[in-house]
Structure formats: structure tokens, C-alpha cells
Amino acid sequence: MIDPVAEFKKHSGDVVPLPSTVPGNTPIYQTASATGHRALWVVFVIMLISSLAFYIMAFRVPVQKRLFHILTAFITTFATLSYYAMAVGDGVGKNKITIKHTQKHFPDTYDVVYREVYWARYVDWSVTTPLLLLDLCFLAGVNGASILVALVADVIMILTGLFAAFTVEESPKWGWYAMACLAYLVVIYQLALNGRQTAMQKDNKTATFFASIGGFTLVLWTIYPIIWGVADGSRNINVDSEIIAYAVLDILAKPVFGFWLLFTHDNMSTSASIDGFWANGLGKEGTLRVGDDDEGA
């Protein structure tokens with residue numbers, strides 16, 4: 001006679017234990033804590049103060065020499081609006097990501113992750129990075145065709161990054177990311193090659209200054225996609241760490257960049273001076289005339 005208890009003990013090692021928990025029952029929310037929100041408010045204040053300082057600096061020089069001041073003040077102004085939107089919760093959305101867990105002895109299970117995506121940051125970058133590029137291109141004296149290429153490549157880089165941040169499937173997400181990196185290479189080409197060559201044709205001070213501030217900018221901009229890859233891309237760091245990392249980069253790339261540019265450029269004897277429409281508006285020859293026909297009927 002077969003003892004069922006003995007047979008069970010004999011074959012108990014062949015029985016696969018049931019999982020104690022089933023993944024996918026409870027959604028995972030990756031959101032900012034109080035630390036992240038405090039960081040957003042701190043950067044908002046820094047951007048606001050920097051903007052006011054840049055506008056004051058602009059009014060202290062003749063209008064003919066305000067080009068860099070105005071561009072730089074606009075950069076931090078848009079960043080101020082962006083950080084306010086993120087701090088109050090208006091510039092953020094959630095991306096739903098489904099993670100599949102393949103089981104050997106059981107049906108596949110899934111985790112649903114909702115991660116905060118600060119889309120206001122991409123709106124900010126789509127405006128401020130072209131303005132920053134204009135600062136650098138005007139400093140070096142880059143031609144209009146190269147400036148246009150750099151600006152379009154920059155906008156493509158930001159938009160593809162935004163698309164990647166909200167893409168659910170992994171393969172398309174990294175496809176968008178690859179496109180953004182290719183666009184960034186175009187920006188690097190225009191600044192590091194065309195910009196450097198043009199700046200070297202100017203005086204030694206301008207060439208040296210452009211090499212320093214341009215190199216500083218490119219180093220910072222290269223760190224941005226790395227942060228994106230470990231944050232929105234692979235979700236290896238939490239939202240607070242993402243906020244703080246971008247906050248440090250934004251402070252260096254905008255207020256610090258701006259003060260460095262303006263203080264140095266203002267002290268250069270070859271600082272640009274723009275007359276014509278920029279300083280004087282439309283002259284008599286450029287005004288529109290209504291009901292004044294010199295030739296008659």
C-alpha cells in the first residue's frame with residue numbers, strides 16, 4: 001500500500017512554490033517629494049533675481065550695445081516662468097509605462113509605472129537654448145546660414161527629447177533619443193567648428209573668450225542627455241535626483257553663463273554696437289504710408 005504522505009514528501013522538491021505577491025496589482029508612482037519641490041522653488045528665485053539683474057545691466061548701457069543683455073535676460077525670464085510652472089504643479093504630466101515580467105512557470109505579469117514628466121522644462125529649453133545659441137553665434141560672428149542650421153537642429157533636439165519622454169514603448173523611446181543626439185551633433189559642429197573658425201578671425205580676446213564660454217556650454221549641454229538617459233530614459237534615478245541634477249545644470253547654463261558673458265563682453269573694447277533699426281526704429285524710408293500716392297492716379 002502506498003503511503004500518500006511519504007510520496008508527497010518524496011516529490012515535494014519538484015513542486016514550484018507559488019509567488020507570495022503578484023506584480024502589477026498596485027501601480028507604482030514615481031513623483032517628486034518635498035525635496036524636489038523645494039529645489040524647483042529655489043531655482044525659480046535664482047532665475048527671477050538673475051533676470052532682474054540682466055535687465056538692470058541692459059539699461060546701464062546704450063541701446064546700441066544691448067543685444068547680448070536682452071537675449072540673456074530673455075533666457076532667464078523664460079526659465080523663471082518654466083520653474084514657476086513646475087513648482088506649482090502646472091508644468092508636469094505623468095507618463096504611463098508598463099513593465100513586463102516574464103515568468104518561467106507562470107503567465108507573464110506586469111508592473112504599471114506612472115512617472116512625472118516635467119514638460120514645462122522642454123518648453124523652456126525650446127525657447128532658451130536657441131537664444132543661448134544666438135548669444136554664442138553673435139559673439140563669434142557666425143554667418144546667417146550656419147545660425148539657421150544650428151537653431152533648427154537645436155529645436156529638433158528638444159522636440160525629439162520631449163517625444164521620447166512621453167513615449168511608452170522602449171524601442172521608439174530610444175529611437176527618439178538617438179534622433180535628439182544626432183541633432184545635438186549638428187549643434188556641436190556649428191559651434192565647435194564654424195563658430196571657432198569665425199571667432200579666430202576676430203581679435204585674440206574674442207577668440208579666447210568664445211573658446212572658453214563655448215566649451216563651457218558644450219560640456220554642460222553634453223551632460224543633459226546623460227541625465228535624461230538615467231532619468232526619463234531608464235528610470236534609474238528618482239524624480240528628486242532628476243530635478244536637482246537639471247537644476248544645477250540650468251543654473252550653470254543660464255545665470256552663470258549670462259553673468260560671465262555680460263561682464264566679460266562689456267569690458268571688451270570690441271563689444272558689438274548695433275545702430276539702424278535696432279537702435280533707431282524705422283526711418284522715413286522704411287515707414288508705411290497710407291493714402292499718400294506720390295505718383296498720382
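Which residues make a nonpolar surface patch of about 270 Å²? Keep that question in mind as you turn the structure around; point 2 answers it.

1. **The overall picture.** Please remember throughout that this is a predicted model. The chain has 297 residues, and 40% of them count as buried. Its secondary structure comes to nine helices and three strands. If you walk along the sequence, you meet these elements in the pattern α-β-α-α-β-β-α-α-α-α-α-α.

2. **The nonpolar patch.** Here is the answer to the opening question: Trp41, Tyr84 and Val88 make the patch, which covers about 270 Å² of the surface. You can find Val88 in the loop between α3 (67-87) and β2 (93-101). Its relative accessibility is 35%, so Val88 counts as partly exposed.

3. **Helix α3.** Have a look at the helix that comes before this loop. Of the 21 residues of α3, 15 are buried, so the helix is largely enclosed by the rest of the structure. The length of α3 also makes a nice check: at 1.5 Å a residue it should span 30 Å, and its end C-alpha atoms are indeed 30 Å apart. After α3 comes Gly89, which has a positive phi near 90 degrees.

4. **Helix α7, from end to end.** Now try the same check on α7, which runs over residues 204-233 and has 30 residues. From its first C-alpha to its last, α7 reaches 42 Å, close to the expected 44 Å. Follow the helix with your eye and you should also find a kink of about 25 degrees, centred on Ile227. At the N-terminal end, Asp203 acts as a cap: one of its side-chain oxygens lies 3.2 Å from the backbone nitrogen of Lys205.

5. **What follows α7.** The helix is followed by Arg235, which sits in the loop between α7 and α8 (239-266). The phi of Arg235 is near 60 degrees, a positive value in a residue other than glycine. Is Arg235 buried or exposed? With a relative accessibility of 19%, and with buried meaning under 20%, Arg235 counts as buried.

6. **Salt bridges around Glu170.** Side chains of opposite charge can pair when their charged atoms come close. In this model the count comes to seven salt bridges. One of them joins the side chains of Arg235 and Glu170, at 3.6 Å from N to O. This pair links distant parts of the chain, with Arg235 in the loop between α7 and α8 and Glu170 in helix α6, 65 residues apart. Glu170 also meets Lys173 in a salt bridge, at 3.6 Å from N to O. Here the partners are three residues apart in helix α6 (residues 170-200), so about one helical turn separates Glu170 from Lys173. As for their surroundings, Glu170 is partly exposed at 33% relative accessibility, whereas Lys173 is buried, with a relative accessible area of 0%.

7. **A salt bridge between a strand and a helix.** Next, look for Arg115 and Asp232, whose side chains meet in a salt bridge of 3.7 Å, N to O. Arg115 lies in strand β3 (residues 109-117) and Asp232 in helix α7, so the pair ties together parts that are 117 residues apart in sequence. Both partners are worth finding inside the model: Arg115 counts as buried at 2% relative accessibility, and Asp232 is buried with a relative accessible area of 5%. The pair also belongs to a network of salt bridges that links Arg115, Arg121, Asp232 and Glu242.

8. **A pair to compare in sequence and in space.** How many residues apart in sequence are Ser146 and Asn194? The answer is 48, yet their C-alpha atoms are 7.6 Å apart in space. Ser146 lies in helix α5 (residues 144-166). With a relative accessible area of 10%, Ser146 is buried.

9. **Where to look again.** If you have time for a second pass, go back to α7. Along this helix and just after it you can revisit the Asp203 cap, the kink centred on Ile227, the salt bridge from Asp232 to Arg115, and Arg235 with its positive phi.

Notes
Residues are numbered from 1 along each chain as its sequence is written. This is a predicted model: local features need pLDDT of at least 70, side-chain atom pairs count only at pLDDT 80 or more; totals for chains, interfaces and linings use all residues. Side-chain values use heavy atoms; hydrogens and water are left out. Helices (H or I, at least four residues) and strands (E, at least two) are DSSP runs, numbered from the N terminus. The expected span of a helix is 1.5 Å times one less than its number of residues. The bend at a residue is the angle between axes fitted to the seven residues ending there and the seven starting there. A polar contact is a pair of N or O atoms within 3.5 Å; within protein, one must be able to donate a hydrogen and the other to accept it, and residues adjacent in sequence count only if both atoms are side-chain atoms. Patches are made of residues with over 30% relative accessible area and no salt bridge: like charges are joined within 9 Å, nonpolar side chains (Val, Leu, Ile, Met, Phe, Trp, Tyr) within 5 Å. Accessible areas come from the Shrake-Rupley method with a 1.4 Å probe; for residues, only the protein chains shown count as cover. A salt bridge is a side-chain nitrogen of Lys or Arg within 4 Å of a carboxyl oxygen of Asp or Glu. Buried means under 20% relative accessible area, exposed over 50%, partly exposed in between (1.4 Å probe, protein chains only).
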